Amino acid sequence: MVTCPTCNAPNDPSAGFCDQCGTSLQGAVNAPVPASFAPPPAPNFAVGGGSVCPQCGAQVIAGEMFCENCGAALGSLAPVVSSGGGYAPAPVVQPPINQPSFGNASAFPPPPVSASAQLSATDGQTYQLSGKTTYLLGRKDDVSGNYPDVDTGDPGLQAGVSRRHAEVYQQGMQWFVRDLNSVNGTWVNTQRLAPNGSMPVSSGDSIRLGKWAATFRG
Amino acid sequence: MSGEVKLESRLNRTVFQALPSPQKLYVLIDIVPTGAGVAVQMPVNLGLVLDRSGSMAGDKIRKVREAVKLVLGRLSPQDLVSIVLFDDNVDTLVACQPVANLAQLHAQIDRITDRGGTTMSKGMRRGLDEMRQGVTPDRVSRMLLLTDGETFGDEDQCRQLATEAGQYGIPVSALGLGEEWNMPLLEAVAGQSGGVVDHLETPDSILAEFQRTVATMQGSVARNAQLTLRLVTGVSPAAAWRVLPAISQLNQRTLSDRDIQLILGDLEQGKGQSVLVEVIVQPKAAGAYRVAQADVMYDMPAAGLTGQHVRQDILVTLTDDPSQVTPFVADVMNLVEKVSVFKLQTRALSEAQTGNVALATQQLRAAATRLLNLGEADLAQAAEQEANNLEQQGQMSASGTKKLQYGTRKLTQRLDDLES
């Protein structure tokens, strides 16, 4: 018999993990219980256990991916991982797309050439918006084949960004943000957009998708 | 144990952060007969119980005749078939017999015509009596029940017959054609017999669905499969879902405070089933742990094996160092998301029935967004439409409800299933 160093339950000598509490039993044979194998702390529900859904306020548990009540994506409530760790994906750099050239001989007046703009996310990422008039903001997902122009990546997932969350587009010389019926909402500064609603943005405005935020420069 | 069934499990991450609070983990368990040692196909006992009421006239009944002829062509003399027709009355068109004389069977099938009303229990009773004669442990039995309408006044008998069918080992595959059939009743019939329900939007789907049912029966190699999860202290089950071949909630039988059992039934060769289990893990110090042991018990009659076991430890690593936390496992997360859509529309339906229109609308809109994210534009539109119906009329439409219910179940289906 091997005694589990954590819970003292007797286990079969061939057991790799304690049958009672799941602790690894490698190296536990006949060894006195070392101090470092102290039992884990008792559950403390007060610490971090009382999260609520940001959309409907229902109680949710850490690690839960979707609210059981209203269905909101809860990526933001997954264990918070400090930025800069090995966990964050490599920065996705949007390759600049060549500006289309509009010949002067065209029978149609050229549309206003988009002045390029930029989004600086609070997670340190910078996204260049140039060469198009509409940019999809969201999260890349290989499984469903969704590739947004601005991929907020894993920080976006943690912050509750939908795969097709919002779009930034240009009309004339004015830039706008449109929410794409996202679960966790889109804000310009402190104002939340209606589902599928849009709002003009100017340089210095903050655009927020769920808990992911970026400063717009145009 | 000779390895005929492969058992594999994965979590939604490989390394999690050790949290001071309880956290939820998602475990995906694949259970697949690999074919080692089993080349013999089990004979089948197929019972067709077909609605021939007046509403089946025209294209529907023509497509039924076509589909029945086609599936009989897929069977051989070792297989048994019985065909029962019901309206207000019931007729045994083909008594339980080997599929031997196709020409004679075809001539009988040509006599299927429409008439009368719908009393489904009569068809089920007669069908069950025919099929019982062919039930043996080494034969795969299934009743294929097709209806396009409500049955009148005999719902309770239908439910009792479904329970009886389950006791004989005859699952009922209930197929609802069009929009007028009774969804809760067919769900109960399938649920109590261990079978499945599917929605056929048009008569054109009859043929493919009959074929699929027969292919599933012929592919079954392992029977009476059940999955037992032995959880360690500090780990408790939250919910269990079958995700493949289609999404459904699995009823868990609690064996003790640490063991739960999930009934899987037949396992198809090379396809099997996948199960998603949500567990809550209480705070633990950093380290490697066993969360649970998975144990699948099954019979493999063609190889003369009963009570076989395959086991696997489900392990998790917890770390205090956030940089060691691994990213989400994409395909597990994809299934978690699909299950969440199924849950949302199921909950929306029951909230709508109890009059909580605001929450149901919100749930349907969340389902629509998620479906759009998953690239399911058609279902997303149906969810949005039903949210609008709820807001404007206070209720969902019968057709939209069925489309969502049965569409979201199939979100996980493999591409080769969809093509066949």
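# A tour of chains A and B

Start by selecting chain B, whose secondary structure comes to 11 helices and 17 strands; helices (H or I, at least four residues) and strands (E, at least two) are DSSP runs, numbered from the N terminus. You are looking at a predicted model, in which local features need pLDDT of at least 70, side-chain atom pairs count only at pLDDT 80 or more, and totals for chains, interfaces and linings use all residues. Residues are numbered from 1 along each chain as its sequence is written, while chains are lettered from A and ligands numbered from 1 in the order in which they are written.

**Chain B as a whole**

Keep chain B selected and turn it along its principal axes: its C-alpha atoms fill a box of roughly 75 × 60 × 35 Å. How does its radius of gyration fit a compact globule of 420 residues? Chain B has 23 Å and the globule value is near 22 Å, so the two agree. The radius is taken over C-alpha atoms, and the globule rule is 2.2 Å times the number of residues to the power 0.38.

Now colour by burial. Of the 420 residues of chain B, 50% count as buried. A residue is buried if 20 or more other C-beta atoms lie within 10 Å of its own, exposed if 12 or fewer, and partly exposed in between, with C-beta atoms placed from the backbone. For a contact map, residues 24 or more positions apart supply 75% of the chain B contacts that have a separation of 6 or more; two residues are in contact if their C-beta atoms, placed from the backbone, lie within 7 Å.

**Into the cores**

Next, select Val275(B), Leu276(B) and Ala383(B), the residues with the most contacts inside the largest nonpolar core, which has 86 residues. Such a core is a set of buried Ala, Val, Leu, Ile, Met, Phe, Trp, Tyr and Cys residues joined through C-beta atoms within 7 Å. Add helix H7 (residues 330-353) of chain B, which gives the most to this core, with nine residues. A second, separate core of 55 residues includes Leu72(B), Val94(B), Cys158(B) and Ala174(B).

Go back to Val275(B) and show its surroundings. Leaving out residues up to four places away in sequence, Val275(B) touches residues including Ile29(B), Leu227(B), Trp241(B) and Leu262(B).

**A five-stranded sheet in chain B**

Select the strands E1-E3-E15-E11-E12 of chain B, which in that order form an open sheet with antiparallel pairing. Two strands pair if DSSP finds at least two bridges between them. The edges are strand E1 (5-11) and E12 of chain B, each pairing on one side only.

Walk in from E1(B), which seven bridges join to strand E3 (residues 23-33) of chain B. Along this pair, Arg10(B) stands opposite Leu28(B), and Leu7(B) has Ile31(B) as its bridge partner. One step further, E3(B) and strand E15 (residues 273-281) of chain B pair over nine bridges, with Lys24(B) opposite Ile280(B).

**Unusual backbone in chain B**

Zoom to Leu244(B) and Pro245(B): a cis peptide bond joins them, with omega about 10°. Pro245(B) sits in the loop between strand E11 (235-244) and strand E12 (248-249) of chain B. Then pick Asn224(B), which is not a glycine but has a positive phi of about 50°. Asn224(B) is in strand E10 (residues 220-231) of chain B, and counts as partly exposed because it has 18 C-beta neighbours inside 10 Å. Most residues other than glycine have a negative phi, and most peptide bonds are trans.

**Across to chain A**

Show both chains: 42 residues of chain A are in contact with 42 residues of chain B. The chain A side has 19 nonpolar, 18 polar and five charged residues. Here Ala, Val, Leu, Ile, Met, Phe, Trp, Tyr, Cys and Pro count as nonpolar, Asp, Glu, Lys and Arg as charged, and the others, Gly among them, as polar.

Colour chain A by domain 1 (1-40), domain 2 (45-80) and domain 3 (117-217), bounds that come from an automatic or database domain assignment. The C-alpha centres of domains 2 and 3 of chain A lie 23 Å apart.

Finally, select Asn189(A), in the loop between strand E9 (186-188) and strand E10 (191-192) of chain A. Is Asn189(A) buried or exposed? Asn189(A) is exposed, because 11 other C-beta atoms lie within 10 Å. Its phi is positive, about 55°, although it is not a glycine.
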